[in-house]
Amino acid sequence: MRATFRTLSVVAPPVATGVAARLFTKVGPRARVRPADQDVHDDADRGTVDVDGSPVTTYHWGASSPEAPTVLLVHGWQRRASRFAALVRALVDAGWSVDSYDGPAHGESPGDRLTVIEHMAAMRAMQERRGTYTAVVGHSLGAFTAGTALHEGFRAERFAALAAPTSFDSVAATYMRLVGIPARLHDRVCDDIARTLFPGITDFRARFDLCRHPVPAEVPTLFVQDADDRMHGVEEARALHAAHPDSELLITSGQGHNGVLDDETVVKTVVEHLTRVPA
């Protein structure tokens, strides 16, 4: 695929960007539950919520008391709810009520595509059932989705973003690197994706940008990024931190894009951030 896109980008750029736009939401093989996460996956109380006429599989762990703090976990691209297993264990031990879901076309939820739009729709469906969350935690695309949802009215009191991209443009740039399309075609690829997938949203690139449209200032926010993340680098976390002046920033090393989900320091820091009493 990379060789094909490199060639098309030279001889027929409009064809290259058009094909890239059509392939952008192809999820690929669904992630299986990792052996290390199987106990958490099996312990969940399962259900479904309706998202645009399609069922989305939901999971719940921990306290059932109405006084318990509540958190929604939002997974990333080609991941599933069980990938938060380390954090689920820590939050349950701390007395939290934990919700998550497999986004459309991921895990045990049907569908053939997942974008920020579908991800936010699933978050809203969870909110309609639960109400205001004490906190929301997202990873990768899920972190970007959760931050955007908070800006657009999703109700949660605290936020932690792990390995988050800054914007739709950043997500597109990562996609272009993976498939072999040169950076000089960035604007054309972004515009083709927006026009192909979201024809009714004229300001798509501007709307989905957490530096331009940050999380509300009253929501304490933590950004976590690993120095060895090859998907979304430390510079993106620093840009997000700068766009959220009162936010916290944790930079790790040696964990990569997905390893932050298992890192003991990250899990401990996230739980401390979520449970901290406001000054």
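In the predicted model, strand β5, which spans residues 133–139, is mostly covered, with seven of its seven residues buried. On one side of the pairing scheme, β5 is joined by four bridges to strand β3 (residues 70–74), and these two strands run parallel; within this pairing, V74 has G138 of β5 as its bridge partner. Strand β5 is also joined to strand β6 (residues 156–162), here through six bridges and again in a parallel arrangement, and H139 stands opposite L162 of β6. The connection between β5 and β6 involves helix α6 (residues 141–151), and the three elements together make a right-handed β-α-β unit.

A search of the whole structure for salt bridges returned 16 of them. In general, side chains of opposite charge can pair when their charged atoms come close. One of these contacts is formed by D37 and R34, whose closest N and O atoms are 2.8 Å apart. With a relative accessible area of 2%, D37 is buried, whereas R34, at 27% relative accessibility, counts as partly exposed.

A further salt bridge brings together the side chains of E108 and R80, with an N to O distance of 3.4 Å. Because E108 lies in the loop between β4 (97–101) and α5 (116–130), while R80 lies in the loop between β3 and α4 (85–93), the pair ties together parts that are 28 residues apart in sequence. The two partners are again unlike in their accessibility classes, since R80 is buried at a relative accessible area of 7% and E108 is partly exposed at 37%.

R205 and D191 likewise form a salt bridge, in which the closest N and O atoms are 3.0 Å apart. This pair links distant parts of the chain, with R205 placed in helix α9 (residues 204–207) and D191 in helix α8 (residues 186–197), 14 residues away. D191 is partly exposed, having a relative accessible area of 35%. Salt bridges that share partners also join R34, D37, R83 and D262 into one network, and the contact between D37 and R34 described above was found with a closest N and O separation of 2.8 Å.

The analysis of open space identified a largest pocket that holds about 700 Å³. This pocket is lined by 31 residues, and those closest to its centre are W77, V171, Y175, L178 and M231. Helices α6, α7 (168–179) and α11 (256–259) each supply at least two residues of the lining of the largest pocket, and the largest share, six residues, comes from α7. Helix α6 thus appears both in this lining and in the right-handed unit with β5 and β6. By residue class, the lining of the largest pocket divides into 18 nonpolar, eleven polar and two charged residues.

The second largest pocket encloses about 200 Å³ of space. Its lining consists of 16 residues, among which A217, V219, H244, D246 and S247 lie nearest the centre of the pocket. The lining of the second largest pocket is made up of eight nonpolar, four polar and four charged residues.

How values were computed:
Residues are numbered from 1 along each chain as its sequence is written. This is a predicted model: local features need pLDDT of at least 70, side-chain atom pairs count only at pLDDT 80 or more; totals for chains, interfaces and linings use all residues. Side-chain values use heavy atoms; hydrogens and water are left out. Buried means under 20% relative accessible area, exposed over 50%, partly exposed in between (1.4 Å probe, protein chains only). Two strands pair if DSSP finds at least two bridges between them. A crossover is right-handed if, with the strands pointing away from the viewer, the path from the first strand over the helix to the second runs clockwise. A salt bridge is a side-chain nitrogen of Lys or Arg within 4 Å of a carboxyl oxygen of Asp or Glu. On a 1 Å grid over the protein atoms alone, a cavity is a set of points where a 1.4 Å probe fits but cannot get out, and a pocket is an open set with protein on both sides within 12 Å along at least five of seven lines; lining residues have an atom within 4 Å of a point. Grid points are joined across faces, edges and corners, and a volume is the space filled by probe spheres set on the points. Ala, Val, Leu, Ile, Met, Phe, Trp, Tyr, Cys and Pro count as nonpolar, Asp, Glu, Lys and Arg as charged, and the others, Gly among them, as polar.
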